[in-house]
Amino acid sequence: MSLTLVLNCGSSSIKFAVLNLQDKHKALSGLAERLFEAQPRLTVNQSGHTEELELSGQGHRVAMGGILQILNKLGLREQVAQIGHRVVHGGERFQQPTRIDEEVLAQIEACVPLAPLHNPANLLGIRAALEAFPGLPQVAVFDTSFHQSMPPRAYRYAVPENWYTQHGVRRYGFHGTSHAYVTQEAAQMLDLPLQNTCFVSAHLGNGCSIAAVKGGRSLDTSMGLTPLEGLVMGTRSGDLDPGIHAFLAENLNLSLSEVTDLLNKKSGLLGLSSLSNDMRELEQAAAGGHPGAQLAIEVFCYRLAKYVAAMYVPLGRLDALIFTGGIGENSTLVRAKTLGYLTWLGFALDADLNRVMIRGNSGLITQPGSPPALVVRTNEELMIALEVQEVLS
Ligand code: ADP
């Protein structure tokens with residue numbers, strides 16, 4: 001049996017999974033977290049059984065050593081044949097997943113100015129994995145590369161040209177692995193050849209983005225230079241007037257980095273509701289009459305519907321609107337409200353089907369005659385493992 005280890009390294013955590021691509025089964029998954037706190041922990045799930053361990057020190061190297069130990073203990077280490085790393089920003093350098101060598105590491109490093117929070121953590125994880133698993137082929141899979149097929153009219157901002165040519169200021173888009181996976185799944189579900197399909201894919205998790213995908217290629221998406229642009233998210237504002245930066249800086253005496261921090265961490269659903277970034281909690285509060293929670297859900301769905309309509313422009317026609325991510329896969333309310341804003345495009349929700357599509361169920365939620373809206377369960381780990389296999393074969 002040959003297994004693929006998939007690693008997603010953040011600044012203070014490493015998410016990991018071990019997959020068997022023969023049957024697409026997840027043999028193991030886990031999380032090493034609080035890597036720079038007093039007692040970093042490693043949690044491992046295998047077949048519904050959870051085990052917690054204390055790591056012997058801080059940082060990514062120790063955590064990777066812990067993951068290696070676990071694989072050894074479970075007798076899986078020898079079967080891991082390849083490793084896939086989720087890397088957030090590949091700039092324009094990486095159009096597809098790429099096998100890692102020193103040159104590739106240097107190029108990921110060169111993308112750090114575009115993702116100063118994420119790429120350094122991804123690099124720490126890759127270096128720790130290269131040390132812990134010497135000799136195993138390792139592949140970087142980028143959140144951005146799926147969107148490299150966007151044409152300039154979609155990715156360029158209307159700003160001075162040298163911002164783009166000298167500093168790379170353009171729209172890149174993120175969540176590429178998820179948009180790629182769910183559009184492939186949707187084509188299968190509808191029994192359509194992928195190359196003939198036109199999908200709008202809405203990935204709604206803590207981060208949210210939408211993409212127009214034609215023939216399996218991204219033509220436009222809502223996230224930009226950074227993952228802050230576009231839809232309302234858990235704690236991120238999404239679109240706003242760029243003039244707000246100067247307004248806040250001048251009137252509240254905030255620095256640019258303080259403003260950026262507020263827009264990333266205190267805005268979105270949390271900012272609007274003054275209650276929570278968690279859609280489940282907001283739905284409960286809204287049902288109980290909480291005005292902030294009600295408004296947050298309204299703004300979330302209205303913005304989403306506007307973006308669905310906008311994504312018709314690059315596609316020209318629609319084979320299905322796809323809902324995915326924790327909110328897209330589970331929130332019957334968000335799906336119903338969003339489609340409610342789109343009845344003029346012909347969308348007609350089937351309330352019974354909508355109610356059933358939760359907790360891992362996938363399928364159609366619209367009535368016959370409506371443009372199809374589908375719930376599709378995303379599986380970024382599996383997609384990364386599949387991409388790794390394709391690069392290495
Ligand atoms: P991440 O982007 O961190 O992977 P997820 O894709 O798991 O996050 O999505 C998390 C979001 O999904 C949260 O806002 C959570 O409240 C929401 N969510 C999960 N289950 C439900 C549910 N049953 N109803 C409404 N929202 C849900």
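Good morning. I begin with arginine 317, which is found in the loop between α12 (312-315) and β12 (320-324). I should say at once that this is a predicted model. Arginine 317 is partly exposed, with a relative accessible area of 41%. Its C-alpha atom and that of glutamine 79 are separated by 45 Å, and the two residues are 238 residues apart along the chain.

Let me turn to the ligand. How many residues surround the ligand? There are 13, and the closest are Asn206, Asp278, Met279, Arg280 and Gly326. By character, the residues of this shell divide into two nonpolar, eight polar and three charged.

Several contacts involve oxygen atoms of the ligand. On the protein side, asparagine 206 places a polar side-chain atom 2.9 Å from an oxygen atom of the ligand. Glycine 326 takes part through its backbone, where a polar atom is 2.9 Å from an oxygen atom of the ligand. Isoleucine 327 likewise uses a backbone N or O atom, which lies 3.3 Å from an oxygen atom of the ligand. Taken alone, the ligand exposes 580 Å², and the protein buries 70% of that. Which elements give two or more residues to the shell around the ligand? They are α10 (279-287) and α13 (325-330). Of the elements, α13 gives the most to this shell, with four residues.

I move now to the salt bridges. The structure holds 15 salt bridges, and I shall present three of them. In one of these, lysine 26 is paired with glutamate 381, and their closest N and O atoms are 2.9 Å apart. This pair links distant parts of the chain, 355 residues apart: lysine 26 is in strand β3 (residues 25-33), and glutamate 381 is in helix α16 (residues 380-392). Are these partners buried or exposed? Neither word applies to lysine 26, because its relative accessibility of 38% makes it partly exposed. Glutamate 381 is also partly exposed, with a relative accessible area of 22%.

Another pair returns us to the ligand. Arginine 280 forms a salt bridge with aspartate 278, with the closest N and O atoms 3.9 Å apart. Both residues were named among those closest to the ligand. Arginine 280 is exposed, at a relative accessible area of 65%, whereas aspartate 278 counts as partly exposed at 28%.

The last pair lies within a single helix. Arginine 355 forms a salt bridge with aspartate 352, and the closest N and O atoms are 2.5 Å apart. Both residues lie in helix α15 (residues 351-356), three residues apart, about one turn of the helix. Why does that spacing suit a pair of partners in a helix? An α-helix has 3.6 residues a turn, so residues three or four places apart point the same way. Arginine 355 counts as exposed, with 53% relative accessibility. Salt bridges can also share partners, and in this structure such sharing joins Arg41, Glu52 and Glu54 into one network.

Helix geometry matters again in helix α14. Which residues of helix α14 (residues 332-340) are buried? They are Val334, Arg335, Thr338 and Leu339. Seen down the axis of α14, these buried residues fall within an arc of 120 degrees, so they line one face of the helix.

Next, a point about the backbone. Most residues other than glycine have a negative phi. Two residues here are worth setting against that rule. Serine 47 has a phi near 45 degrees, a positive value in a residue other than glycine. Serine 47 is found in the loop between β4 (41-46) and β5 (49-54), and it is exposed, with a relative accessible area of 75%. Histidine 175 is not a glycine either, yet it has a positive phi of about 60 degrees. Histidine 175 also lies in a loop, the one between α5 (161-167) and α6 (176-189). In contrast to serine 47, histidine 175 counts as buried, because its relative accessibility is 10% and the cut-off for buried is under 20%.

I close with threonine 221, which lies in strand β11 (residues 217-221). Is threonine 221 buried or exposed? At 1% relative accessibility, threonine 221 counts as buried. A polar atom of its side chain lies 2.7 Å from the backbone oxygen of isoleucine 210. Thank you for your attention.

Notes
Residues are numbered from 1 along each chain as its sequence is written. This is a predicted model: local features need pLDDT of at least 70, side-chain atom pairs count only at pLDDT 80 or more; totals for chains, interfaces and linings use all residues. Side-chain values use heavy atoms; hydrogens and water are left out. A residue is near a molecule or strand if one of its heavy atoms lies within 4 Å of it. A polar contact is a pair of N or O atoms within 3.5 Å; within protein, one must be able to donate a hydrogen and the other to accept it, and residues adjacent in sequence count only if both atoms are side-chain atoms. Accessible areas come from the Shrake-Rupley method with a 1.4 Å probe; for residues, only the protein chains shown count as cover. Ala, Val, Leu, Ile, Met, Phe, Trp, Tyr, Cys and Pro count as nonpolar, Asp, Glu, Lys and Arg as charged, and the others, Gly among them, as polar. A salt bridge is a side-chain nitrogen of Lys or Arg within 4 Å of a carboxyl oxygen of Asp or Glu. Buried means under 20% relative accessible area, exposed over 50%, partly exposed in between (1.4 Å probe, protein chains only). The arc is that of the directions from the helix axis to the C-beta atoms.
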